[in-house]
Every structure is written in C-alpha cells, then in structure tokens.
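Trainee: I would like to test some labels against their cut-offs. Can we go through them one at a time?

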Amino acid sequence: EGVAVLCDAAARGRPGVGRTVVPRALREAGSAELDGGVCTHDDADHGRGLVPLFGRIRIREIVVGESVPPSLRALAALHGIPIRRARAGHTLWRGAGLRIETIADGHGMTGSNDQSLVLVAALGDHRILLPADCEEAGLRSLLQRGLPPCSVLIAPHHGAVLHPREIGIQLARMVRPHWELTSEGRRVFDANPLVATGPE
C-alpha cells in the first residue's frame, strides 16, 4: 500500500547519500514521500542521514529512541515534521504485508550505541531484526527479554567484533537467522560467531 519507511540513512564519509541515493531509491520504488524516517541513535553514520532529505521530500514523521541528534530535532521543528518517541512493545507502522515493531527503545541504557532503537520488520513471510549499534550491554538486555526468530539479522554495529564472543553465539541461537547482513563498518569485521551457528 505504498508505505515507505527509512531507517538510519547515513554513511560515514559519504554525506551525499541522503541527497542522491535515497531519493532515487524512493522513485524506483514508486514512492514520492516517506511515511517515517527512523533515527535509531545519535551517531553520524545513522540518523543524521535524514538531514539532507528535509525540504527535498515529504517526511510525515520522525521516529526516535533515547538518543537523538540535536540537529535532527531542530530541523524537524523547522520543517514542521512531528517527532514520535518509540516505546518498546509498540507497533510503529502497519500496512499490507508490512509491520514494524519496537523491541527496545534504549531507555535506561548508557552510551548512544546501547541506547539504540531496536526494531523488527515483518515483511511478508520474513522477519528482519535491526539491532542498530547495540553492543554488550544492549545485546545482553535484548537476550534477557527474549527475541523472536527472524529470517534476516542485520549484524549489530556493522558486524564489529562482539565482546565477549559468546554474545554473538547466543544472539544467533535465539534469532536463528537464515541470512545475516553486515555493512562492513569501520571496526574489525567478524560475523563468524553468528554465521557458524546457523539456524537449528
């Protein structure tokens, strides 16, 4: 039904992504606007990628967690775009074959990475876990509360090494993904603990 949601549209060292890649991708998908822009936490390579979109395309709302870039809040106010604070357990969007839910909202955590907004997107027969930049404390919290099986896991913190490695193994065993995607971030890439376990 044309629901378009953009989550963390930035790339470190590539400020033009929001001006070029995102509008082109939306046009190719047949959408001229965003129902929502998600900023999982206050890091330059995440939510700040929304900034170049202000004034270029219509954004119905911005959804944030515990950690929000001040510049994003100020620009949203300038352009009259409402900001919604996501809460764990709430459904953010629902459309034909699409549902996006908040698993964790960063409340009570310290450090912007562990304050990341964590989402599960259900798309057709697939569930996709988006843990943003959660590190040890954030991932331990997720494991304690339990996570649903998901066919796709976006590697936490761009595929950075998880300390201790046991966290990655526990995450893979709980989520049981068929695929893991990584954005190959600036830190050491190490998805082995996730890939090695595989779905049971």
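**Labels and their cut-offs**

Mentor: Start with Leu 171, which at 2% relative accessibility counts as buried. Keep in mind that the model is predicted.

Trainee: Why is Leu 171 called buried?

Mentor: Buried means under 20% relative accessible area. Leu 171 has 2%, so the label holds. Leu 171 belongs to helix 4. Its C-alpha lies 9.1 Å from that of Arg 140, and the two residues are 31 apart in sequence.

Trainee: What makes Arg 176 partly exposed rather than buried?

Mentor: The class runs between 20% and 50%. Arg 176 has a relative accessible area of 34%, so it is partly exposed. Arg 176 sits in the loop between helix 4 (165–175) and strand 12 (179–181).

Trainee: What is notable about phi of Arg 176?

Mentor: Phi is near 50° there, a positive value in a residue that is not glycine. Ala 132 also has phi near 50°, again positive and again not in a glycine.

Trainee: Where is Ala 132, and is it buried or exposed?

Mentor: Ala 132 lies in the loop between strand 10 and helix 3 (136–145). Its relative accessible area is 16%. The cut-off is 20%, therefore Ala 132 is buried.

Trainee: How do you know that Ala 9 is buried?

Mentor: Its relative accessibility is 7%, and the limit is 20%, so Ala 9 qualifies. Ala 9 is in the loop between strand 1 (5–7) and helix 1. Leaving out residues up to four places away in sequence, Ala 9 touches Val 17, Val 22, His 46, Gly 49 and Leu 50. The C-alpha atoms of Ala 9 and Gly 37 are 8.5 Å apart, with their positions 28 residues apart along the chain.

Trainee: How much of the protein is buried?

Mentor: Buried residues account for 48% of the 200 residues. The accessible surface comes to about 9800 Å², and carbon and sulfur atoms hold 51% of it.

Trainee: Which residues touch the most other members of the largest nonpolar core?

Mentor: They are Leu 34, Leu 53, Ile 59 and Ile 62, in a core of 19 residues. Helix 1 (21–28), strand 5 (62–64) and helix 2 (70–78) each give this core at least two residues. Beyond residues up to four places away in sequence, Ile 59 touches Leu 34, Gly 37, Leu 53, Phe 54 and Ile 81. There is a second, separate core of 16 residues, including Ile 103, Val 118, Leu 142 and Leu 147.

Trainee: Why is the charged end of Arg 84 said to sit over the ring of Trp 93?

Mentor: One test is distance: CZ of Arg must be within 6 Å of the ring centre. Here the charged end is 5.6 Å from the centre, so the distance test is met. The other test asks for a position within 35 degrees of the ring normal. Arg 84 is listed as sitting over the ring of Trp 93, which means that test is met too.

Trainee: How many aromatic pairs are there?

Mentor: Zero. A pair needs ring centres within 6.5 Å, so no two rings satisfy that.

Trainee: What is the mean pLDDT, and where is it lowest among the elements?

Mentor: The mean is 85, and 88% of residues reach 70 or more. Helix 5 (residues 192–197) has the lowest mean among the elements, 50, while strand 10 (residues 126–130) has the highest, 96. Over residues 196–200 the pLDDT is below 50, and this stretch has eight contacts in the model beyond near neighbours in sequence. Where pLDDT is low, predicted coordinates should not be read in detail.

Note on methods: Residues are numbered from 1 along each chain as its sequence is written. This is a predicted model: local features need pLDDT of at least 70, side-chain atom pairs count only at pLDDT 80 or more; totals for chains, interfaces and linings use all residues. Side-chain values use heavy atoms; hydrogens and water are left out. Rings of Phe, Tyr and Trp (its six-membered ring) pair if their centres lie within 6.5 Å; planes under 30 degrees apart count as stacked, over 60 as edge-to-face and the rest as tilted. pLDDT is the predictor's confidence in each residue, from 0 to 100. Helices (H or I, at least four residues) and strands (E, at least two) are DSSP runs, numbered from the N terminus. Contact means heavy atoms within 4.5 Å. A nonpolar core is a set of buried Ala, Val, Leu, Ile, Met, Phe, Trp, Tyr and Cys residues joined through side-chain atoms within 4.5 Å. Buried means under 20% relative accessible area, exposed over 50%, partly exposed in between (1.4 Å probe, protein chains only). Accessible areas come from the Shrake-Rupley method with a 1.4 Å probe; for residues, only the protein chains shown count as cover.
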